[in-house]
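I opened a fresh notebook page for this one. Below are my entries, in the order in which I looked things up.

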2 protein chains.
Amino acid sequence: MDRLGFAAAHLTNLEFGRDEEIIAQGCKAAFCYQVQSGCVRTVRLLEDGRRYIGAFLLAGDVFGWETGLTHDFAAESVTPVRLRRIRLSVLDEVADRDHGFATLLRHYAQAQLRFTQSRLILLGRKTAAERIASFLAEMQARLGTRTRLLELPMSRADMADYLGLTIETVCRGLSDLKRHGTIAVNRTRIQIQDPQALDRAGSDPVH
Amino acid sequence: MDRLGFAAAHLTNLEFGRDEEIIAQGCKAAFCYQVQSGCVRTVRLLEDGRRYIGAFLLAGDVFGWETGLTHDFAAESVTPVRLRRIRLSVLDEVADRDHGFATLLRHYAQAQLRFTQSRLILLGRKTAAERIASFLAEMQARLGTRTRLLELPMSRADMADYLGLTIETVCRGLSDLKRHGTIAVNRTRIQIQDPQALDRAGSDPVH
DNA sequence: CGGGCTCTTGACGAATGTCAATGGGTGTGG
DNA sequence: CCACACCCATTGACATTCGTCAAGAGCCCG
């Protein structure tokens, strides 16, 4: 999605601090956003307070474009973030004029769909321990650290709501991995000591 | 996706019986398919035999197009089905020539993504009873029966693997709804007696 | 140094999975 | 046409996993 840049005249730069609302749940969809730096979460609340996190967005990721008329998910900053914003109507116009860009958008949508589908199996069929291990593997891949030290941007509560678990279960899962010597844990700092054991614990058939 | 028809020269019609394999998991992606009649499921297996169903496809639905190089999910017929098949490379060509079709594809991908995301919250945060009620409501909407009689095409095992539950839990959930007078059950025939109670039981914030 | 976070751990309970037995329908072959 | 067998659905008893509630520890910031 780097070619978003060529519509530069229509881009607005924005900044948010920690834990601020970027998009309200259910509001009318007008803009989409690309993360320049920092981390954003998409959030959906049920009436009784249950919370679910649809995605964590990192530098380069785009959100808010998959929407229909309204945003089904809210978007909030996890860390301080810098964003670029573009009007959805402009995005559509550009896609109409520029074939290559339209193709890019379509492929991006397909990739997102594949990613989301593989999360379904995680939530539908994996145990708590497997979800946690998969999550750490995912984050290591996405944060792109060749080193084995992960600096997670999000809290345990965010992890829990992303994985369909509770805070306590996430803690226990991390502690188990620690006991087995697979990782070392210090708050949001995770040292991966045995990557193969981590992959095995996540039991990901693909990736 | 009805405009698939205008590439008629490249369409192949296919038929399958009950429980046949249409696409093998992990095979190279060459074609995509549209359901003409009947029901198809997409399936993913973990090594230890756990099974997950990604989607049920009904008449009009398209599958196999969201793929990268290989199909992450297998596709199998639930009932006897009639399908139309088109080569993915042809689909891309048509999208390159025809703006409107490219836009259609993109919007279809976005709609699928939104649907899949709302399934994440179902698997991540809903109880067994809520999942079952949501499923029945979904099927009623998709089968488009104005009457309140549902003829489910799939077995309890399929429902369970779609909802991230076991067969037994699905049965118990249906029995509970029956006890409350919300539905009547006879195998795959479901009579919805109290649609409002069903919606409440599913606690869907959107839709 | 103290207050308020978040994280961690333990004890317990509830929801769901597992294992097993039974029942009811459907299809097939006699 | 009937009988049997098989498959699927259902139900019960029990086990396990995960959530809930509660307490305490560590850390960050004023």
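**Entry 1: cysteines.** For my purposes, a disulfide is a pair of cysteine sulfur atoms within 2.5 Å. I kept in mind that this is a predicted model. How many disulfides does a search of the whole structure find? I got zero over all chains.

I then wanted to know why, and took two cysteines in turn. For Cys171(A), the closest cysteine sulfur belongs to Cys39(A), and it is 19 Å away, so it is too far for a bond. Is Cys171(A) buried or exposed? Neither, I noted: Cys171(A) counts as partly exposed because its relative accessibility is 34%.

Cys32(B) has Cys27(B) as the partner with the closest sulfur, but the 13 Å between the two sulfurs is too far for a bond. I wrote down Cys32(B) as buried, with 2% relative accessibility.

**Entry 2: chain A against chain B.** Next I turned to the two protein chains. I found 46 residues of chain A in contact with 46 residues of chain B. A reminder to myself: interface size is often quoted as the accessible area lost when the parts come together. Here the area buried between chain A and chain B is about 4400 Å², and carbon and sulfur atoms give 58% of that area. Which residues of chain A lose the most area to chain B? They are Arg106(A), Leu120(A) and Arg125(A), which together make up 18% of what the chain A side buries.

**Entry 3: around DNA strand D.** I counted 18 residues surrounding DNA strand D. The closest include Ala128(A), Thr169(A) and Arg172(A) from chain A, along with Arg156(B) and Ser175(B) from chain B. By class, I have seven charged, six polar and five nonpolar residues on this surface.

Which helices each supply at least two residues of the surface near DNA strand D? My note reads helix H5 (167–179) of chain A together with helix H5 (167–179) of chain B. H5(B) gives the most, with five residues.

**Entry 4: what the protein meets on the strand.** Of the atoms of DNA strand D within 4 Å of the protein, I have 60% down as sugar or phosphate, and the rest belong to bases. I looked up some polar contacts of both kinds. On the phosphate side, Thr166(A) has a polar side-chain atom 3.3 Å from a phosphate oxygen of DNA strand D. On the base side, Glu168(A) places a polar side-chain atom 3.0 Å from a base nitrogen of the strand. From chain B, Arg172(B) has a polar side-chain atom 3.0 Å from a base nitrogen of DNA strand D.

Notes:
Residues numbered from 1 in each chain as written. Chains lettered and ligands numbered in written order. Predicted model: local features only at pLDDT ≥ 70, side-chain atom pairs only at ≥ 80, totals over all residues. Heavy atoms only, no water. Near = heavy atom within 4 Å. Polar contact = N/O pair within 3.5 Å; in protein donor to acceptor, adjacent residues only side chain to side chain. Helix = DSSP H or I, 4+ residues; strand = E, 2+ residues; numbered from the N terminus. Nonpolar A, V, L, I, M, F, W, Y, C, P; charged D, E, K, R; others polar. Buried < 20%, exposed > 50% of the residue type's maximum accessible area, 1.4 Å probe, protein only. Contact = heavy atoms within 4.5 Å. Buried area = accessible area lost by both parts, 1.4 Å probe.
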